[in-house]
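Colleague: I have a few things to ask about this model before I go back to the bench. Could you put it up so that we can go through it together?

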Amino acid sequence: MGRCALPPLPRYPTVDELGARAAALVARHPRDARLRRIGTSRAGTPMWLLSVGHGSRQALVVAGPHANEPVGGATVLRLAERVLADTRLTEGADATWNLLLCLDPDGLRRNEGWLTGPYTLGQYFRNFFRPGFLEQPEWLPDGAAGATLPETRALLDVQDELRPFLQCSLHGVDIGGGFVELTRDLPGLAPRLAHIAARLGIPRELGAYDALYWPGLGPAVYRIPPPRRAGLAAAITEAAVESTWFHPHRHGTVTAVVEAPMWGVGAVSDGSPPADRDAVLRAVSRALRHDTGLLRHLLARIRPHLAVVPDAARLLAPVDDYLLVCPGLADAWDPETGDGAAHPLPPLSTAHLAALRISGRRLVLRTAGLLHQLVRAAGRDPAGALPELDRLIDEWCADYRDGCGARWIPVARQAEYQTRVVLSAFELAARHTRVRSGSGPDPGSGSGSAEPGWEAGAAVPMQRD
């Protein structure tokens with residue numbers, strides 16, 4: 001009776017719930033699970049690593065690298081239960097699973113205004129928080145030696161201690177579809193991803209904005225190019241700088257960045273040629289320029305009244321980042337100005353165009369949501385900005401819902417999708433490293449559906465609001 005699993009939460013776990021649930025799991029499985037503190041956040045929050053199994057081969061799973069992407073917390077709890085229930089994933093694979101419960105616990109706390117629901121687009125964006133680029137703990141703009149964030153240093157130390165054969169970084173797409181980014185190919189992952197997504201009703205993002213200029217390894221699977229020195233704008237839009245994704249590469253680690261959507265959009269799975277590419281690009285670019293201009297004017301009205309907001313700088317940093325990159329993106333996407341630039345657009349499918357439309361809207365909605373929080377935190381609205389921000393947020397959320405067809409995907413289904421993708425990456429990476437180390441032949445192509453926890457059943461449609 002004492003070993004019964006805790007019932008899964010029907011919502012995203014908070015920072016405190018992650019720690020409490022992990023501690024309860026260790027109490028039920030003291031021989032197979034351990035919990036240790038690997039660091040402390042900037043605000044003094046403990047950073048916990050939950051380890052399951054006693055094998056010599058280490059897998060590292062990192063939840064919560066982005067503050068507004070909480071699905072990873074639900075996923076690591078689900079993974080821990082799954083791994084404890086199936087010895088093939090530990091003893092049978094000579095593996096230990098190391099699950100970092102949250103890389104940015106301070107940022108996750110700042111999202112608690114929407115984290116536990118209700119899950120509506122307006123509620124999400126009005127309470128959204130994601131730190132400025134230089135405060136995001138996965139990035140290493142000055143290299144590993146120059147990393148100063150305590151959260152980053154804790155992750156780097158764990159990577160160098162464990163030397164994992166696989167690292168999975170758990171991310172969430174707020175609007176769009178699921179996809180995977182790899183530092184090295186895992187042959188067979190793309191068909192598995194297609195199978196998992198179809199069974200769970202998760203759209204695959206076949207033209208992900210994050211990977212617009214990256215090589216594809218299969219549908220919705222992308223190869224992360226090696227890092228290079230780049231300016232801040234390129235770093236924000238292209239993930240071009242060094243990162244903790246590549247840091248353990250020296251140990252032979254393959255990193256999989258696993259993206260799971262919160263609101264799914266079917267059009268991101270449409271790989272067909274677009275009917276009128278240039279018309280869509282012009283409309284997206286025009287809207288981004290126009291909306292950025294509105295937000296710049298609102299910021300100029302609001303900024304003089306923010307001296308009374310104690311932590312205004314942390315909210316203004318991402319606002320400034322977004323407003324920095326928006327004009328350049330609008331120019332890069334515009335067929336009148338962009339195709340002859342240093343980074344010409346690749347051939348674009350309908351899925352790519354849907355992703356670009358979603359991305360442009362996302363940047364301005366995030367900015368509007370952060371400005372909304374700044375005005376609320378000031379306790380008054382002398383600039384009269386709040387009604388205008390409310391109107392813009394409502395209008396842009398309606399475009400996601402009605403124009404793009406965005407539909408909420410229940411948290412349990414998001415976490416199950418991400419869990420199955422991680423288990424597939426684990427099996428394929430384990431086979432690949434065994435072949436490389438000479439421990440035996442590859443037992444199969446990896447394109448089937450025989451991983452543990454894979455059940456038969458009908459496909460599940462996305463939940464409609």
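Colleague: How many cavities of 30 Å³ or more does the structure hold?
Modeller: Bearing in mind that this is a predicted model, the structure holds five cavities that reach 30 Å³ or more.

Colleague: And what volume does the second largest cavity have?
Modeller: The volume of the second largest cavity comes to about 50 Å³.

Colleague: Which residues line the second largest cavity?
Modeller: Its lining is made up of Ile302, His305 and Leu306, together with Val375, Ala378, Arg380, Asp381, Pro382 and Ala383. By type, six residues of that lining are nonpolar, one is polar and two are charged.

Colleague: Changing topic to helix H6, what span should its 13 residues have?
Modeller: Helix H6 runs over residues 150-162, and at 1.5 Å a residue it should span 18 Å, which agrees with its end C-alpha atoms being 18 Å apart.

Colleague: Which residues of H6 are buried?
Modeller: The buried residues in H6 are Glu151, Thr152, Ala154, Leu155, Leu156, Val158, Gln159 and Leu162.

Colleague: What do those buried residues pack against?
Modeller: The buried residues of H6 pack against strands S1 (33-40), S2 (46-52), S3 (57-62), S4 (95-100) and S5 (166-176), and also against helix H3 (105-110).

Colleague: What follows H6?
Modeller: Arg163 follows H6, and the phi of Arg163 is positive, near 50°.

Colleague: Back to strand S3, is it buried or exposed?
Modeller: Six of the six residues of S3 are buried, so the strand is largely enclosed by the rest of the structure. Both of its faces are covered, with Arg57, Ala59 and Val61 buried on one side and Gln58, Leu60 and Val62 buried on the other.

Colleague: In which sense do S3 and S4 pair, parallel or antiparallel?
Modeller: S3 and S4 pair in the parallel sense, over six bridges, and Gln58 has Thr96 as its bridge partner in S4.

Colleague: Last one, where does Arg110 lie, and why does it count as partly exposed?
Modeller: Arg110 lies in helix H3, and it counts as partly exposed because its relative accessibility is 28%, where partly exposed covers the range between the 20% and 50% cut-offs.

Colleague: And which residues is Arg110 in contact with, leaving aside neighbours within four places in sequence?
Modeller: With those neighbours left aside, Arg110 is in contact with Asn127, Phe129, Asp311, Arg314 and Leu315. Arg110 and Pro131, in turn, are 21 residues apart in sequence and 9.9 Å apart in space, taken from C-alpha to C-alpha.

Key
Residues numbered from 1 in each chain as written. Predicted model: local features only at pLDDT ≥ 70, side-chain atom pairs only at ≥ 80, totals over all residues. Heavy atoms only, no water. 1 Å grid on protein atoms, 1.4 Å probe; cavity = no way out; pocket = protein on both sides within 12 Å on 5 of 7 lines; lining within 4 Å. Points joined across faces, edges and corners; volume = space filled by probe spheres on them. Nonpolar A, V, L, I, M, F, W, Y, C, P; charged D, E, K, R; others polar. Helix = DSSP H or I, 4+ residues; strand = E, 2+ residues; numbered from the N terminus. Expected span 1.5 Å × (residues − 1). Buried < 20%, exposed > 50% of the residue type's maximum accessible area, 1.4 Å probe, protein only. Contact = heavy atoms within 4.5 Å. Pairing = 2+ DSSP bridges.
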